[in-house]
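These are my notebook entries on a structure that I looked up residue by residue. I set down each item in the order in which I examined it.

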Amino acid sequence: MAEAAVAGNGAEAKMRVWRGDASGGEFRDYTVPLQEGMVVLDVIHAIQAMHAGDLAVRWNCKAGKCGSCSAEVNGKPRLMCMTRMNTFEPGETITVAPIKTFPLIRDLVTDVSYNYEKAKTIPPFKPKPKEADGTRRMYQEDIDRVQEFHKCIECYLCQDVCHVIRDHDDNKPSFAGPRFFVRVASLEMHPLDTDDRLEFLRNEAGLGFCNITKCCTEVCPEHIKITDNSIIPMKERVVTRFYDPIARLLGALGGKKS
Amino acid sequence: MSTLAIDKRTLRQDTWWLEPMLVVLGLGAFAVYSTWAALQNGNYYAAPYLSPFYSPCLAINCEHVSVPLFGSWYNWSPAILILWIPGGFRLTCYYYRKAYYRSFFWSPPACAVRDAASGYSGETRFPFILQNIHRYFFWASLPILAFLWWDAIIAFNFGGSFGIGLGTLVLIANAALLSLYSFSCHSCRHLCGGGLNSFKTAPGRYKAWGIITKLNEKHMQIAWTSLVWVGLTDVYVRLLAHGVIQDLRFI
């Protein structure tokens, strides 16, 4: 598969890229020379250089860490900079479209401010008072669990793929999305945090909308187990608080905040 | 939003429909077989083996009584008395929810493929809000597991003398797989220690949480393996009871 895609043998990348804005547009075909080691973002840059100087694309680090170049490559939400060209069949036409869930600005660029608005609604970290010697202590086993959540690069691919808002625009006001369930989980499980976000999760953040179909986990470029390690544990804490009369009676199953 | 050509059901070109189709076939086949087997009200015991679909057998009229809770007035299949527990456990399981929401409800059928229904309220309303009772089914599954292990132990007893048949091994594997399925459950993981914010103060629960977490990573694989195995166990006992096959005796 990869042999045809190496430098010097005249291999070409056939691309079908979305061109247009919120008022309309179309897919346009471009062909550019393919070189060894290219990723989709390189090909988009080659199209800019050779055929379409006005092709709008948001990008920054080219290393899978800034979370800017999210797009839908052959219909799958991906980071363009982390999608290698040699993973496609030689000669295959590769479709590149903007992420679907957010309003289109132009070409491959969307307005992701929905996410920034949701971020503002999350009750912030509220640490417990310092100990007598003026410090706060955390233990490794408590940090290990939340460390995973801190890998998030905010590419919003999970938000894009989540069908709750991708296919149902009307749910946007009442649903925060997987990225912010990860954020809330990192705070709720934090050994020093004292705030309680379970009521927020159930109501404002709309955790109940999630039907755990795990697409967020499938697309995460940082391989955060969003569903198993943040959403389901948060659902279980919400169950303890609101749906489990026996746990409420016992009153002790949920740790410090439940 | 008028994004026209972009606004298709999906732009995916791979065989995204394959996985939901296989799940429909797999879960559908199991649902049909288990319903049929549960309604047979017979041929579920071939001494010393009791089919897991009928265990524990709670009626006086059972071919093999585990606990005689229901008197001779009860004439329906004793499987009905018990199957709602493992059935409800699997129906509300976080893995099976993913599987059937995708395959049967097309909500969504696959990632980045549009939902079939135009409206969506997830698990915020009846009936899906009932998924929140999953942990009760987890608790209820534990006594069932104890009975299945008991069935596996008495499967060594061939009319008073010790023996091992193929059925003994089948029942042991069945009890083991169903135990793995129950203990790898997400609710179990939460109850063991996931609900804590600090593990430092609860080293025992931290250790339990660690073990369950490892198991939980394989919850899907265990769910399928145990599902197929429990079905095959019933098939094996049923074929023995019908006299279609003879049990292979090792000892």
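**Entry 1: a histidine and its surroundings**

I began with the contacts of H168(A): leaving aside residues up to four places away in sequence, H168(A) touches H163(A), D115(B), A117(B), S118(B), G119(B) and Y120(B). I note that the model is a predicted one. I located H168(A) in the loop of chain A that runs between α5 (163–166) and α6 (178–188).

Is H168(A) buried or exposed? I found a relative accessible area of 2%, so H168(A) is buried, the cut-off being under 20%.

I then looked up the polar partners of this side chain. The side chain of H168(A) makes a polar contact with the side chain of D115(B), at 2.7 Å. The side chain of H168(A) also reaches the backbone oxygen of S118(B), at 2.9 Å.

**Entry 2: a lysine in a helix**

I turned to K98(B), which I found in helix α3 (residues 94–103) of chain B. K98(B) has 10% relative accessibility and therefore counts as buried. Apart from residues up to four places away in sequence, K98(B) touches I212(A), T213(A) and K214(A), together with E19(B). I also looked up a distance: the C-alpha atoms of K98(B) and P108(B) are separated by 9.6 Å, and the two residues are 10 apart along the chain.

**Entry 3: salt bridges**

I recalled that side chains of opposite charge can pair when their charged atoms come close. How many salt bridges does the structure hold over all chains? I recorded 29.

One of them joins D54(A) and R19(A), whose closest N and O atoms are 3.1 Å apart. This pair links distant parts of the chain, 35 residues apart: D54(A) is in the loop between α1 (40–50) and β3 (70–73) of chain A, and R19(A) is in strand β1 (residues 12–21) of chain A. D54(A) is partly exposed, with a relative accessible area of 43%, whereas R19(A) is buried, with 6%. I noted further that R19(A), D54(A), R106(A) and D107(A) are linked in a network of salt bridges.

In chain A, I also found a salt bridge between the side chains of E26(A) and R28(A), at 3.0 Å from N to O. E26(A) counts as partly exposed at 40% relative accessibility, and R28(A) counts as partly exposed at 38%.

In chain B, I looked up D7(B), which forms a salt bridge with R114(B); their closest N and O atoms are 3.4 Å apart. D7(B) lies in the segment before α1 (18–39) of chain B and R114(B) in the loop between α3 and α4 (134–154), so the pair ties together parts that are 107 residues apart in sequence. D7(B) is partly exposed at 38% relative accessibility, and R114(B) is partly exposed at 28%.

**Entry 4: the span of a helix**

I checked the span of helix α8 (residues 219–242) of chain B. At 1.5 Å a residue, its 24 residues should span 34 Å, and the end C-alpha atoms are 34 Å apart, which agrees. Just after α8(B), G243(B) takes a positive phi of about 75°.

**Entry 5: a nonpolar patch**

Which residues form a nonpolar patch on the surface? I listed F162(B), L166(B), L169(B), L248(B), F250(B) and I251(B), which together have about 590 Å² of accessible area. F162(B) is found in strand β4 (residues 161–162) of chain B. With 54% relative accessibility, F162(B) counts as exposed, because the cut-off for exposed is over 50%.

Methods:
Residues numbered from 1 in each chain as written. Chains lettered and ligands numbered in written order. Predicted model: local features only at pLDDT ≥ 70, side-chain atom pairs only at ≥ 80, totals over all residues. Heavy atoms only, no water. Patch = residues over 30% accessible without salt bridge, like charges linked within 9 Å, V, L, I, M, F, W, Y side chains within 5 Å. Areas by Shrake-Rupley, 256 points an atom, 1.4 Å probe, with all protein chains shown as cover. Salt bridge = Lys/Arg side-chain N within 4 Å of Asp/Glu carboxyl O. Helix = DSSP H or I, 4+ residues; strand = E, 2+ residues; numbered from the N terminus. Buried < 20%, exposed > 50% of the residue type's maximum accessible area, 1.4 Å probe, protein only. Expected span 1.5 Å × (residues − 1). Polar contact = N/O pair within 3.5 Å; in protein donor to acceptor, adjacent residues only side chain to side chain. Contact = heavy atoms within 4.5 Å.
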